[in-house]
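Please look at the sequence and the structure below before reading on. The report that follows moves from aromatic rings to the nonpolar core and then to charged side chains.

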Amino acid sequence: MLLLGLALALQARGEPDPGNQASRTAKEAVEKALPLIEKSARVSLAERSCFTCHNHGMPYLALKAAGARGFKVDVDLPKSLLAHTEAALRRNRENYAKGKGAGGQADSAGWALWILAEGGWPADDTTKAVAHYLSVRDADKGHWANVSVRPPTEASPFTTTFVALAGMKPYLDVPDRLDRARAWLRESKPKDTEDRVFRLRALAYLGEDVKAAAKELLDTQRPDGGWAQMEGMESDAYATASALAALSEVNAKGVAWLVAAQKPDGSWHVKTRSKPFQPYFESGFPHAKDQFISVHASCWAVVALTRGN
């Protein structure tokens, strides 16, 4: 009864239950999460014409990672997510070709083009237009600036810079932009976990030595095994999963924290810090107003947990 009471108390507070570590493996956690991620992505495909990183981009990354490791996934769903992403960009192709962009600017364009690149989408008029837009966006800076303040996923210039680089470079090589981004990344100091994660990713993408950046991220791991989004906050699934997915080596303590934090329904719950500015959309993922950051975290969790399987 004492152990049951502890587990229920931890679950109510959104904290991991250490007992889960003995009863569930990382493989089982991934298998539990995939059907929920797939369901939410299908609903979003059917109901939303726009591209979203949380319900289209991240599910694609999760399904790609899981499929590559032999997990059972809906093989048609990733194809549909890529086609949806390209169609969303194509509707604004003329504005991208003129360097004007669309809603979300480099955040949305970078994310969407990165997903197409991850899926091996061939170069075409759409990718050419969006890559051109990214090449001229923030041309006076060494980085790409975020236009939204929706923490943690759309509040960091490091995140925007990484997705812009990873989206642009496969379709348009602009050495000057890459060199200036490299210099900015070397000199700029990250403030929180999101900054550290995507600075590490961007440096690695550019082929830089990432030992110092990886150590900086590892040094902020909490004694419980997780990461917090920022100083003063508790460890949570978004910060932990995104950190684990960015590190080149499997971090056993972090994996154990993440497995223990999974909810019985297969999701990971993270409380939102963003103020809503669009009408509420129900994607079928749990946690109501927290669903978008939670599906984002759950997808990063799948990416992170498949690496050791």
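Is Phe162 buried or exposed? In this predicted model, Phe162 is buried, with a relative accessible area of 4%, a value that falls under the 20% limit used for that word.

**Aromatic rings**

The structure holds 7 aromatic pairs. One of them joins Phe162 and Phe198, whose ring centres are 5.8 Å apart and whose planes make an angle of 50°, so that the pair counts as tilted. Phe162 belongs to helix α9 (residues 157-168) and Phe198 to helix α11 (residues 193-205), so the pair ties together parts that are 36 residues apart in sequence. Phe198, like its partner, is buried, with a relative accessible area of 1%. Both rings also belong to one aromatic cluster, which is formed by Trp111, Trp114, Phe162, Phe198, Tyr205 and Trp300. Elsewhere, a ring meets a charge: the charged end of Arg177 sits over the ring of Trp144, at 3.9 Å from its centre.

**The nonpolar core**

Trp300, a member of the aromatic cluster, is also one of the residues with the most contacts inside the largest nonpolar core, which has 90 residues, and the others named for this are Leu134 and Leu258. Helix α15 (residues 291-306) gives the most to this core, contributing 10 residues. If neighbours within four places in sequence are left aside, the residues in contact with Trp300 include Met58, Leu61, Trp114, Phe198 and Arg201.

**Salt bridges**

Across the whole structure there are 17 salt bridges, and the table lists some of them with their N to O distances.

| Basic residue | Acidic residue | Distance |
|---|---|---|
| Arg182 | Glu208 | 3.0 Å |
| Arg186 | Glu208 | 2.8 Å |
| Lys191 | Asp195 | 3.4 Å |

Glu208 lies in the loop between α11 and α12 (211-218), whereas Arg182 lies in helix α10 (residues 175-187), so their salt bridge ties together parts that are 26 residues apart in sequence. Arg186, also in helix α10, is 22 residues from Glu208, and this pair likewise links distant parts of the chain. The two arginines can be set side by side: Arg182 is buried, with a relative accessible area of 17%, while Arg186 is partly exposed, at 46%.

How exposed or buried are the partners in the Lys191 and Asp195 bridge? Lys191 is exposed, with a relative accessible area of 64%, whereas Asp195 is buried, at 2% relative accessibility. Finally, Arg137, Asp138, Asp140 and Lys141 are linked with one another in a network of salt bridges.

How values were computed. Residues are numbered from 1 along each chain as its sequence is written. This is a predicted model: local features need pLDDT of at least 70, side-chain atom pairs count only at pLDDT 80 or more; totals for chains, interfaces and linings use all residues. Side-chain values use heavy atoms; hydrogens and water are left out. Rings of Phe, Tyr and Trp (its six-membered ring) pair if their centres lie within 6.5 Å; planes under 30 degrees apart count as stacked, over 60 as edge-to-face and the rest as tilted. Helices (H or I, at least four residues) and strands (E, at least two) are DSSP runs, numbered from the N terminus. Buried means under 20% relative accessible area, exposed over 50%, partly exposed in between (1.4 Å probe, protein chains only). A charge sits over a ring if NZ of Lys or CZ of Arg is within 6 Å of the ring centre and within 35 degrees of the ring normal. A nonpolar core is a set of buried Ala, Val, Leu, Ile, Met, Phe, Trp, Tyr and Cys residues joined through side-chain atoms within 4.5 Å. Contact means heavy atoms within 4.5 Å. A salt bridge is a side-chain nitrogen of Lys or Arg within 4 Å of a carboxyl oxygen of Asp or Glu.
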